[in-house]
Amino acid sequence: MAEPEQAALRSDASARAGLHELLYVYNGLVVVLLAGFMGITQEKVVSSMTARAFLESLPAVPLPPVWGVLFSIGAFGTLFFLGWLYRQQAKKALRLWRYGLMLGEISICMLLMWSLNLAYDGVVLLVVADLLHGYEGRHTRFILLLAMSGLYFIANYWLMASQLHAVPIEAYISYYNASAQAALKSLLNIFTSLNIILFVLYAVVLVQSTHRENERIQSLNAQLHDANQRLMAYALEAEHMAETRERNRLAREIHDTLGHALTGIAAGLDACMMTMETAPEFTKKQLAKIRETALRGIKDVRRSVKKLRPDDLERLSLREALFKMTEEFMASSGMEISYTITGWPEQMREDEEEVVYRIVQESVTNANRHGHARHVEITVSADEEWMRIVIADDGIGCEHVKKGFGLRHMQERLELLKGTLNYWSDGGFILEVAIPMHQPMVAEQGEEPYDSSDDRG
């Protein structure tokens with residue numbers, strides 16, 4: 001948020017809080033003055049020995065002077081406390097608790113007006129200001145309308161005087177002479193008018209603040225929408241650039257490696273065709289060189305594409321992809337592969353799935369190529385923290401395991417996942433893998449050159 005907007009919001013909040021406090025101070029002063037006026041008038045009536053005539057003119061017996069003043073002040077103090085508690089808890093308390101505080105304020109407001117004999121209804125606006133300040137929800141207008149209607153219905157003297165038998169303020173004013181009566185009635189009107197003015201000012205500031213807040217939210221929403229649009233465009237552009245870079249990389253690799261190798265092979269075969277009859281020994285040496293060139297081409301192609309995700313993993317789950325891969329390998333090689341699964345991870349990341357797939361693929365290939373195995377047993381177990389895979393074959397094994405490209409490649413992949421790799425020969429070859437579930441992947445290091453030597457890798 002910009003600094004001017006923050007300053008404006010702080011200014012609105014400060015003005016709203018100041019007007020709210022002023023409303024409480026003003027209404028508290030009016031309540032004390034009215035309660036004191038009624039108490040003092042009753043004392044004068046008693047001291048002037050006209051109490052009997054005064055009481056006969058009233059529809060109800062008023063509270064004793066001291067008790068009436070204390071009751072009014074106590075009611076206003078309770079109203080102030082409930083209003084403060086409501087404003088503090090309105091946004092974080094439970095809905096029933098907020099409604100309870102709201103009902104408490106309304107009840108104390110009615111009790112306060114009764115203690116003042118319905119002489120002053122300005123406290124109704126005070127309660128409404130509390131509700132406006134603290135309540136936020138879909139039913140705000142309905143609740144406020146209901147509360148204001150109920151309060152004003154009770155506050156209206158001419159509708160409620162006959163039911164409540166309240167002592168009218170005019171009965172107290174009539175005790176004084178004509179000039180004092182006029183002054184007192186004017187003062188009562190001023191009390192009511194000033195209270196309305198303060199409430200209107202408070203409502204204006206509240207509406208202005210709410211309008212500015214809505215504008216700020218709309219502006220933030222527009223900025224967020226614009227940022228999302230730009231982010232989507234950037235993501236599409238980045239994806240397109242990544243695809244373009246990968247296509248260019250593969251094109252360069254094919255041109256620089258496979259194209260070069262094929263060109264050399266074609267040229268070597270042309271030379272062999274010319275020397276096959278006249279120089280067979282030279283031809284054999286040339287064919288050996290051509291074979292080395294082809295192997296280097298295969299090595300370069302494998303290095304170029306080894307980072308590509310297996311096609312089966314794009315279409316199938318890891319479990320289905322493993323079963324499909326091993327079934328196809330059994331069909332082509334004649335080697336038997338079986339599974340023992342005692343547990344399987346519920347969720348795996350793509351990089352974890354690819355590592356598991358490549359390790360199983362490389363292991364069964366090595367079992368057939370180097371171990372000449374007839375059967376491979378793959379055991380998979382998993383819990384919340386680890387996935388463990390044991391791959392054992394019944395091949396010829398090897399006395400000294402030489403870590404070639406295959407095993408180094410497995411080790412590198414597992415290191416990226418913070419996993420472990422163990423292997424040994426025991427009447428065959430056994431490989432054990434442990435992968436921690438959902439560990440962050442570390443940065444990938446440089447690639448190892450491909451080693452085509454006949455070893456366990």
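How many bridges join S1 to strand S2, and do these strands run parallel or antiparallel? There are 6 bridges, and S1 and S2 (residues 375-382) run parallel. One of the residue pairs here is easy to find: start at Ser338, and its bridge partner in S2 is Glu377.

Before going further, keep in mind that this is a predicted model. Mean pLDDT for the chain comes out at 77, with 75% of the residues at 70 or more. Residues 443-457 are a stretch to treat with care: pLDDT stays under 50 there, although the model does give this stretch 42 contacts beyond four places in sequence.

Back to the strands. S1 and S2 belong to an open sheet of 5 strands, and if you walk across it you meet them in the order S1-S2-S3-S5-S4, with mixed pairing. At the edges sit strand S1 (336-341) and strand S4 (420-425), each of which pairs on one side only. On average, neighbouring strands in this sheet are turned by 15° against each other, ignoring direction.

Now for the cores. The largest nonpolar core has 48 residues, and the ones touching the most other members are Phe37, Leu112, Leu116, Tyr120, Val123 and Ile169. Several helices feed into this core with at least two residues each: helix H1 (3-47), helix H3 (65-89), H4, helix H5 (122-134), helix H8 (169-173) and helix H9 (178-275). Of these, H1 gives the most, at 10 residues. A separate core of 33 residues lies apart from this one, and its members include Phe329, Ala367, Ile435 and Met437.

Tyr120 is a good place to zoom in on the largest core. Setting aside neighbours within four places in sequence, Tyr120 is in contact with Tyr26, Asn27, Val30 and Leu34, and also with Met113, Phe191, Thr192 and Asn195.

Let's finish with Ser115, which sits in helix H4 (residues 95-115). Is Ser115 buried or exposed? Its relative accessible area is 8%, so Ser115 counts as buried, the cut-off being under 20%. What does Ser115 touch, once residues up to four places away in sequence are left out? The answer is Phe71 and Ser72. With Ser72 there is also a polar link: the two serine side chains, Ser115 and Ser72, are joined by a polar contact of 3.0 Å.

Definitions and conventions:
Residues numbered from 1 in each chain as written. Predicted model: local features only at pLDDT ≥ 70, side-chain atom pairs only at ≥ 80, totals over all residues. Heavy atoms only, no water. Helix = DSSP H or I, 4+ residues; strand = E, 2+ residues; numbered from the N terminus. Buried < 20%, exposed > 50% of the residue type's maximum accessible area, 1.4 Å probe, protein only. Polar contact = N/O pair within 3.5 Å; in protein donor to acceptor, adjacent residues only side chain to side chain. Contact = heavy atoms within 4.5 Å. Pairing = 2+ DSSP bridges. Axes fitted to C-alpha atoms, helices over the stretch in contact; angles between N-to-C directions. Core = buried A, V, L, I, M, F, W, Y, C linked by side-chain atoms within 4.5 Å. pLDDT = per-residue confidence, 0-100.
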